[in-house]
Amino acid sequence: MLESSSSIASNFMLLSCLRENKVKEEEADIEGIQYKTLRTFQHGVRVDGIAWSPETRLDSLPPVIKFCTSAADMKIRLFTSDLQDKNEYKVLEGHSDFINGLVFDPKEGQEIASVSDDHTCRIWNLEGIQTAHFVLHSPGMSVCWHPEETFKLMVAEKNGTIRFYDLLTQQAILSLESEQMPLMSAHWCLKNTFKVGAVAGSDWLIWDITRSSYPQDKRPVHMDQACLFRWSTINENLFATTGYPGKIASQFQIHHLGHPQPVLIGSVAVGSGLSWHRTLPLCAIGGDHKLLFWVTEM
């Protein structure tokens, strides 16, 4: 059943604004980022993850806002809004442990994939019905959809294995091995889908799936343990990693495969979440009640 978001018990602000970036591409100084609050969504439970539907558009009439969240109660919530009268959400239930990753199918946005500590990857339609269910050998940490061939899905497990599934046959078609654990995050390079990156232990690892099931390159990246890995959306050699929060802050690094050392190093208090701008070499990470942005050279 769809319900108005206003009916949710409000003790957590999920989204304070959708940012309309005014970043000037010709300037490295991004202090001029401007934004306005379009709508505040109340969630009621701690949010662990968020994924945006490709149907989301602010340049349509009416606007379409669609995203889903994973929460501390082990449920997925699908939100839909036109920023006017339509403000609905639907709860997707089925996972029995914490959800570590979720993503919309990138073309139509009609399905959602999720992975969990309950050793499963699940595919849902927008009605909340499970259309596929894969049993994993360890907790599922990351899930990615192929940007063009949407019947291909990548699932990374904590035990160091990354598998690719054919959603038509619902069978595994390829696997990669990190040879070290725990694997905490993996990401499919959307600019070159032969490349897969991950962090496991304290290292980052890069695969070329046409050459070997084992990493072609790996380097130590964070002293204690690495946490997140994300490829740039515009450069197949650029990616970011984070470490686990320490006593003071979480370390953040941007790397380029053509450079032996990180091209940028920063720190974030209580760092959480990691994403790249769709068209700019701009990376964002969540801090303590704030979003922090870094820009890097191509």
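**The largest nonpolar core**

Begin by selecting Met154, Ile162, Phe164, Leu183, Ala186, Val196 and Trp207 in this predicted model. These residues have the most contacts inside the largest nonpolar core, which has 14 residues. Next, colour the strands β13 (152-157), β14 (161-166), β16 (183-188), β17 (195-200) and β18 (203-208), since each of them supplies at least two residues of this core.

**Strand β17 and its two partners**

Keep β17 selected and display its side chains. Is this strand enclosed or open to the outside? It is largely enclosed by the rest of the structure, because 6 of its 6 residues are buried. Lys195, Gly197 and Val199 point one way from the strand, while Val196, Ala198 and Ala200 point the other way. Residues on both of these sides are buried. Val196 also belongs to the core residues selected at the start.

Now add β16 to the view. Strands β16 and β17 are antiparallel and are paired over 5 bridges. To find one of these positions, select His187, whose bridge partner in β17 is Gly197. The two strands form a hairpin, with 6 residues between them.

Then add β18. This strand pairs with β17 over 6 bridges, again in the antiparallel sense. Select Val199 and look across to β18, where its bridge partner is Trp204. The hairpin of β17 and β18 has 2 residues between the strands, and Gly201 there takes a positive phi near 60 degrees. As a general point, the strands of a sheet pair through backbone hydrogen bonds, either parallel or antiparallel.

**Lys191, in the loop between β16 and β17**

Return to the loop between β16 and β17 and select Lys191. Why does Lys191 count as partly exposed? Its relative accessibility is 49%, and the partly exposed class lies between 20% and 50%.

Which residues does Lys191 touch, leaving aside those up to four places away in sequence? They are Ser232, Thr233, Ile234, Asn235 and Glu236. To follow one of these contacts, display the C-alpha atoms of Lys191 and Ser232: they are 8.4 Å apart in space, although the two residues are 41 residues apart in sequence.

**The open sheet β20 to β23**

Select β20, β21, β22 and β23. These 4 strands form an open sheet in the order β20-β21-β22-β23, with antiparallel pairing. Which strands lie at the edges? They are β20 (226-231) and β23 (264-268), each of which pairs on one side only. Neighbouring strands of this sheet are turned by 20 degrees against each other on average, with direction ignored.

Focus on β22 (residues 250-256), which is joined to β23 by 5 bridges in an antiparallel arrangement. Ile254 marks one position along this pairing, and its bridge partner in β23 is Leu264.

**Residues 92-127**

Select residues 92-127. In an unreviewed entry, UniProt places the feature "repeat: WD" here. The span is 53% strand and 0% helix, and its end C-alpha atoms lie 8 Å apart.

Within this selection, highlight β9 (residues 111-116). The strand is mostly covered, as 5 of its 6 residues are buried. On one side, 5 bridges join β9 to the antiparallel strand β8 (residues 99-104). Val103 stands opposite Ala113 in β9. The hairpin formed by β8 and β9 has 6 residues between the strands, and Gly109 in the turn has a positive phi of about 70 degrees.

Strand β9 is also joined by 5 bridges to β10 (residues 120-125), and these two strands run antiparallel. Ala113 appears again here, standing opposite Ile123 in β10. In the hairpin of β9 and β10, 3 residues lie between the strands, and His119 takes a positive phi near 65 degrees.

**Pro139 and its contacts**

Select Pro139, in the loop between β11 (130-135) and β12 (140-145). Is Pro139 buried or exposed? Pro139 is buried, because its relative accessible area is 17% and the limit for this class is under 20%.

Not counting residues up to four places away in sequence, Pro139 touches Ser116, Asp117, His119, Ala156, Glu157 and Lys158. Among these contacts, His119 is the residue with the positive phi in the hairpin of β9 and β10. The C-alpha atoms of Pro139 and Ser116 are 5.9 Å apart, with 23 residues of separation in sequence.

**Two cysteines to finish**

Finally, select Cys68 and Cys121. Cys68 counts as buried at 0% relative accessibility, and Cys121 counts as buried at 0% as well. The structure holds 0 disulfides.

Note on methods: Residues numbered from 1 in each chain as written. Predicted model: local features only at pLDDT ≥ 70, side-chain atom pairs only at ≥ 80, totals over all residues. Heavy atoms only, no water. Core = buried A, V, L, I, M, F, W, Y, C linked by side-chain atoms within 4.5 Å. Buried < 20%, exposed > 50% of the residue type's maximum accessible area, 1.4 Å probe, protein only. Pairing = 2+ DSSP bridges. Axes fitted to C-alpha atoms, helices over the stretch in contact; angles between N-to-C directions. Contact = heavy atoms within 4.5 Å. UniProt positions renumbered as here; feature names shortened; annotations may be inferred. Disulfide = S-S within 2.5 Å.
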